[in-house]
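Please open the model in your viewer and keep a selection panel at hand. The stops below can be followed in order.

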Amino acid sequence: MFTGIVQETGTVLALRELGSNSIQIDIDCKSINEKSALGDSVCISGICLTVEVKEINSLTFTAISETVNKTNIDKFKTGQLVNVEESATANTLIGGHPITGHVDVTSEVLNIIENEVWKTIRFKL
């Protein structure tokens, strides 16, 4: 479970295509690198991923076929900035809106209407 509040931006360091339509990804998540442990769930740009390898300067995750098919993770590029959030705990201030980070589907953007202050984005459902 996540709050939906981005805690920091991370950098995609490496992407490796694995068999069976899976992708392994290394991300430098700055302070979250230090706090994370193997098996932790981390939200990467809205996608719930599990820490598989912890290094000083990176965390490694694998997106299996289901995740690849239902998210845009296959569009990530080395050097790209991504939004990062740790899992919520019982002690976490819920200042956003609880989300699971499990994406059900991707959608086509029908149009974007820009205002002086915000944008309205219409999606095809």
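Which side chain of opposite charge is nearest to Glu 8, and how many Å away is it? Select Glu 8 in strand 1 (residues 8–18), where strands (E, at least two residues) and helices (H or I, at least four) are DSSP runs numbered from the N terminus. The answer is Lys 30, 4.9 Å away, and Glu 8 is buried yet has no salt bridge. Here buried means under 20% relative accessible area, exposed over 50%, and partly exposed in between (1.4 Å probe, protein chains only); a salt bridge is a side-chain nitrogen of Lys or Arg within 4 Å of a carboxyl oxygen of Asp or Glu. For opposite charge, Lys and Arg count as positive and Asp and Glu as negative, while His and the chain ends are not counted. The backbone nitrogen of Lys 30 nevertheless lies 3.3 Å from a polar atom of the Glu 8 side chain.

This is a predicted model, in which local features need pLDDT of at least 70 and side-chain atom pairs count only at pLDDT 80 or more, whereas totals for chains, interfaces and linings use all residues. Residues are numbered from 1 along each chain as its sequence is written, and side-chain values use heavy atoms, with hydrogens and water left out. Colouring by pLDDT (the predictor's confidence in each residue, from 0 to 100) shows a chain average of 86, with 84% of the residues scoring at least 70.

Next, select Ile 44, Leu 49, Phe 61, Ile 73 and Phe 76, which touch the most other members of the largest nonpolar core, a group of 19 residues. Such a core is a set of buried Ala, Val, Leu, Ile, Met, Phe, Trp, Tyr and Cys residues joined through side-chain atoms within 4.5 Å. Around Phe 61, leaving out residues up to four places away in sequence, the contacts (heavy atoms within 4.5 Å) include Ile 23, Val 42, Ile 44 and Leu 49.

Now turn to the salt bridges, of which the whole structure holds four. One of them joins Asp 26 to Arg 16, with the closest N and O atoms 2.9 Å apart; the pair links strand 2 and strand 1, ten residues apart. Asp 26 is buried at 13% relative accessible area, whereas Arg 16 is partly exposed at 31%.

Finally, select Lys 35 and Glu 86, whose side chains meet in a salt bridge of 3.2 Å, N to O. Lys 35 lies in helix 1 and Glu 86 in strand 7, so this pair ties together parts that are 51 residues apart in sequence.

Definitions and conventions:
A polar contact is a pair of N or O atoms within 3.5 Å; within protein, one must be able to donate a hydrogen and the other to accept it, and residues adjacent in sequence count only if both atoms are side-chain atoms.
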